[in-house]
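New to this one? Have a look at the sequence and the fold below, then work through the notes by topic.

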Amino acid sequence: MHAAFIEQLGSPDVIRYGELPAPRPGPSDVLVDVAATTVNPVDTFVRSGVFRTPLDFPFVISRDLVGTVAETGGDVRGFAPGQRVWCNSLGHGGRQGAAAERAVVPADRLYPLPDGVDPRTAVAVVHPAATAYLGLFTHGRLRAGETVVVAGGAGNVGGALVALAAWAGARVIATARPADFEHCRALGAAEVVDYRAEDQWERIRAAAPDGVDVYTDTSGRNDLERAVGTLAVRGRIVVLAGSASRPTLPAGELYMKDGSVIGFVISRARVAELAEAADVINTLLAGGLLRPRATEVLPLAAAGEVHRRMERGELNARRVVLQPAGAAPAR
Ligand SMILES: NC(=O)c1ccc[n+]([C@@H]2O[C@H](COP(=O)([O-])OP(=O)(O)OC[C@H]3O[C@@H](n4cnc5c(N)ncnc54)[C@H](OP(=O)(O)O)[C@@H]3O)[C@@H](O)[C@H]2O)c1
């Protein structure tokens, strides 16, 4: 089968596209015909070694897929050949990735794709949406009626944070550039602030007079000095981006508010946590409430080039969907 894979860690140049033996499912696995995969920032971290995780070479890259069940292992219940499915946790922790014509997925990491949902939309949003779910609810302990700030609310993870927080009944203040204000509002933001405005922090404080319950910044700037200043008593800052950032923490102000700073990375999510997120994501997908700002569809052979463009910062929150040559659309 054709696959995008690496034989060593390194720059995007180590990504090869070519033939690998087709994988076989174990007793608790499902073999999936891949209709589409995508490229996340974390795929570049795994490829380069910035995020260290067990992997075997040749290593098929990519985390997410949509596709159809080709075959199930003997112990698998609940999946049948031809069924449309998705997964967002391949390509790390010893599992081969999704950038291939066929992929083996442990059955407890595979979820049904709801009827009528466009597979390209699904593959574009499942990783950002699971990140948003776990960041907001599992780690940020967000409740209905609370106020959330999503810095970078028009990006992939940002848009999902806005949509999920609004869906859960929170009041969302997003930051974005003015051209994206409408996109953020359409996803459910009550207020949108220009992140380039000199008075953005005054505007955020004015929009949250009782303080911010959950603050998260998808740009990775992590200006904790100012973010702590916006927090309500018992406010939570969920740090989920900015692997090289070294912010200054106003410790006294934080502890005197009973505040907390919580780090979270989806790569450490438990199988049950991912499944809980998947249930909610399927509800929102079926309701048309999750959508990428812009999508570009390319062949799987372009994986190396997409990694290069992502690392140069050229994707501008555009989601790239990669399709194996001849993949049947998972309709
Ligand atoms: N912790 C986890 O488990 C996890 C999971 C997934 C992703 N991530 C991380 O999350 C980050 C975002 O990923 P993504 O795919 O959502 O990227 P993305 O789509 O490029 O989103 C980044 C957003 O940040 C915005 N931004 C840029 N400068 C800003 C500023 N000064 N203030 C506020 N916002 C600003 C961008 O706005 P413009 O569009 O206007 O440029 C863009 O919308 C990455 O660092 C990724 O590694 C973490």
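## Helix α5 and its surroundings

In helix α5 (residues 200-207), Q200, W201, I204 and A207 are buried, meaning under 20% relative accessible area with a 1.4 Å probe and protein chains only. Looking down the axis of α5, these buried residues fall within an arc of 125°, so they line one face of the helix; the arc is taken from the directions between the helix axis and the C-beta atoms. Keep in mind that this is a predicted model, where local features need pLDDT of at least 70, side-chain atom pairs count only at pLDDT 80 or more, and totals for chains, interfaces and linings use all residues. Residues are numbered from 1 along each chain as its sequence is written, and side-chain values use heavy atoms, with hydrogens and water left out.

**More on α5**

- The cover over the buried residues of α5 includes β9, β10, β11, β12 and α6 (224-230), with contact meaning heavy atoms within 4.5 Å.
- Q200 lies in helix α5 and has a relative accessible area of 14%, so Q200 counts as buried.
- Leaving aside residues up to four places away in sequence, Q200 touches T175, V193, D194 and Y195.

**The sheet**

- Helices (H or I, at least four residues) and strands (E, at least two) are DSSP runs, numbered from the N terminus.
- An open sheet is built from 6 strands in the order β11-β10-β9-β12-β13-β14, with parallel pairing; two strands pair if DSSP finds at least two bridges between them.
- At the edges sit β11 and β14 (260-263), each pairing on one side only.
- Neighbouring strands of this sheet are turned by 20° against each other on average, direction ignored; axes are lines fitted to C-alpha atoms, and angles run from 0 to 180 degrees between N-to-C directions.

**Strand pairs up close**

- Strand β10 (residues 171-176) runs parallel to strand β11 (residues 191-194), and the two pair over 4 bridges.
- To get from β10 to β11, the chain goes through helix α4 (residues 181-187), in a right-handed β-α-β crossover: with the strands pointing away from the viewer, the path from the first strand over the helix to the second runs clockwise.
- Strand β9 (residues 147-151) is joined by 4 bridges to strand β12 (residues 212-217), again in parallel.
- V150 has T216 in β12 as its bridge partner.

**Two domains**

- The chain splits into domain 1 (2-124 + 282-323) and domain 2 (141-263), with bounds from an automatic or database domain assignment.
- Their contact takes 8 residues from domain 1 and 11 residues from domain 2.
- The C-alpha centres of domain 1 and domain 2 lie 29 Å apart.

Terms used: Buried means under 20% relative accessible area, exposed over 50%, partly exposed in between (1.4 Å probe, protein chains only).
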